[in-house]
Amino acid sequence: MRIIAGEARGRTLQAPKGMDTRPTQDYIRESLFNILRLQVEQAQVLDLFAGSGALALEAISRGAAHAVLVDMAPAAIACIQKNVETLRYQEQTTVLRADWRMALDRLAASEQRFSLVFLDPPYRMTDTDAVCERLAACGLLLPGALVVVEHRRGVEAPPGQAFTKKDARLYGDTQIDFWIYNGGETVDA
């Protein structure tokens, strides 16, 4: 696994060992960031279920201003911290070891807001709609924020009226949905 483009292009990333983390494959990440290219520059990024941190670190490499990486697994956090150190991104990142609910509550208390959010939970988790709804309810999303949800193909959980689906892409058994936060107002995708 490596950084695909940007200032850290070609740098190798570590992934947590074991079956608990399923890193986004390089070719999927490359395709994803080709789609996101205009949303990444100066973005405030939240990477929930960060695993290795590859999505947020790729965003930083491509010009995102700051990223918060969240995971609850000790092995994932150790891996993320190692990758952050290797890339020397300590100033551009914050790493939180917490369950997603606790992390969102902590971030809301700090009044942080995000323009780009990655949700790549374990495939056994099928309630990403609840995560999106909590992001909105906690006031963590900037107007027009893009929420990118990676999940098992065909297992979609629409996040509710505060979001409008912009796009969906299929990569084998992986599906990536792109949701725009509109604060409950109707927006053309």
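Two rings of Phe, Tyr or Trp count as an aromatic pair if their centres lie within 6.5 Å. Keep that cut-off in mind, since this predicted model turns up 3 such pairs when the whole structure is searched.

**Stop 1: Tyr27 and Tyr171**

Select Tyr27 and Tyr171 and show their rings. The ring centres sit 6.3 Å apart with the planes at 75°, so call this pair edge-to-face. Now colour by secondary structure: Tyr27 belongs to helix α1, while Tyr171 is in strand β6 (residues 163-171), and the pair links distant parts of the chain, 144 residues apart. Switch on a surface and check the two partners. Tyr27 is partly exposed, at 45% relative accessibility, whereas Tyr171 is buried at 12%.

**Stop 2: Phe163 and Tyr181**

Stay with strand β6 and pick Phe163, then add Tyr181 from strand β7; this pair also links distant parts of the chain, with the two positions 18 residues apart. How do the rings meet, and at what angle between the planes? They are tilted, with 55° between the planes and 5.5 Å centre to centre. Phe163 is buried, with a relative accessible area of 6%, and Tyr181 is buried too, at 17%.

**Stop 3: Asn182 and Thr164**

Step on to Asn182, in the segment after β7. Is Asn182 buried or exposed? Its relative accessible area is 11%, so it counts as buried. Show side chains here and look for Thr164: a polar contact of 2.4 Å joins the side chains of Asn182 and Thr164.

**Stop 4: Ile176**

Go back into strand β7 and select Ile176. At 1% relative accessibility, this residue counts as buried. Ask your viewer for its contacts, skipping neighbours within four places in sequence, and you'll get Ile28, Leu32, Val148, Val149, Glu150, Asp167, Ala168, Arg169 and Tyr171. Tyr171 is the residue from the edge-to-face pair at the start of the tour.

**Stop 5: the largest nonpolar core**

Two of those contacts of Ile176, Leu32 and Val148, are a good way into the next selection. The largest nonpolar core has 32 residues, and Leu32, Leu36, Val45, Leu116, Phe118 and Val148 touch the most other members. To see where the core comes from, highlight α1 (26-40), α2 (54-61), β2 (66-71), α3 (74-87), β4 (114-119), β5 (141-152) and β7 (174-181), each of which supplies at least two residues. Which element gives the largest share? That's α2, with 6 residues.

For a close-up, centre on Leu116. Leaving out residues up to four places away in sequence, Leu116 touches Leu36, Val40, Ala43, Gln44, Val45, Leu46, Leu146 and Val148.

**Stop 6: the second core**

Next, select Leu107, Val131, Cys132 and Leu141, which are among the 28 residues of a second, separate core. Draw a distance from Leu141 to Ile176: the C-alpha atoms are 19 Å apart, with the two positions 35 residues apart in sequence. As background, nonpolar side chains tend to be buried together in soluble globular proteins.

**Stop 7: the cysteines**

How many disulfides does the structure hold? There are 0. Select Cys132 and find the nearest cysteine sulfur, which belongs to Cys138 and is 12 Å away. Seen from the other end, Cys138 is in no disulfide either, and its nearest cysteine sulfur is that of Cys132. A disulfide needs sulfur atoms within 2.5 Å. Finish with the surface on: Cys132 is buried, with a relative accessible area of 1%.

Definitions and conventions: Residues numbered from 1 in each chain as written. Predicted model: local features only at pLDDT ≥ 70, side-chain atom pairs only at ≥ 80, totals over all residues. Heavy atoms only, no water. Core = buried A, V, L, I, M, F, W, Y, C linked by side-chain atoms within 4.5 Å. Buried < 20%, exposed > 50% of the residue type's maximum accessible area, 1.4 Å probe, protein only. Helix = DSSP H or I, 4+ residues; strand = E, 2+ residues; numbered from the N terminus. Contact = heavy atoms within 4.5 Å. Polar contact = N/O pair within 3.5 Å; in protein donor to acceptor, adjacent residues only side chain to side chain. Phe/Tyr/Trp six-rings, centres within 6.5 Å; stacked < 30°, edge-to-face > 60°.
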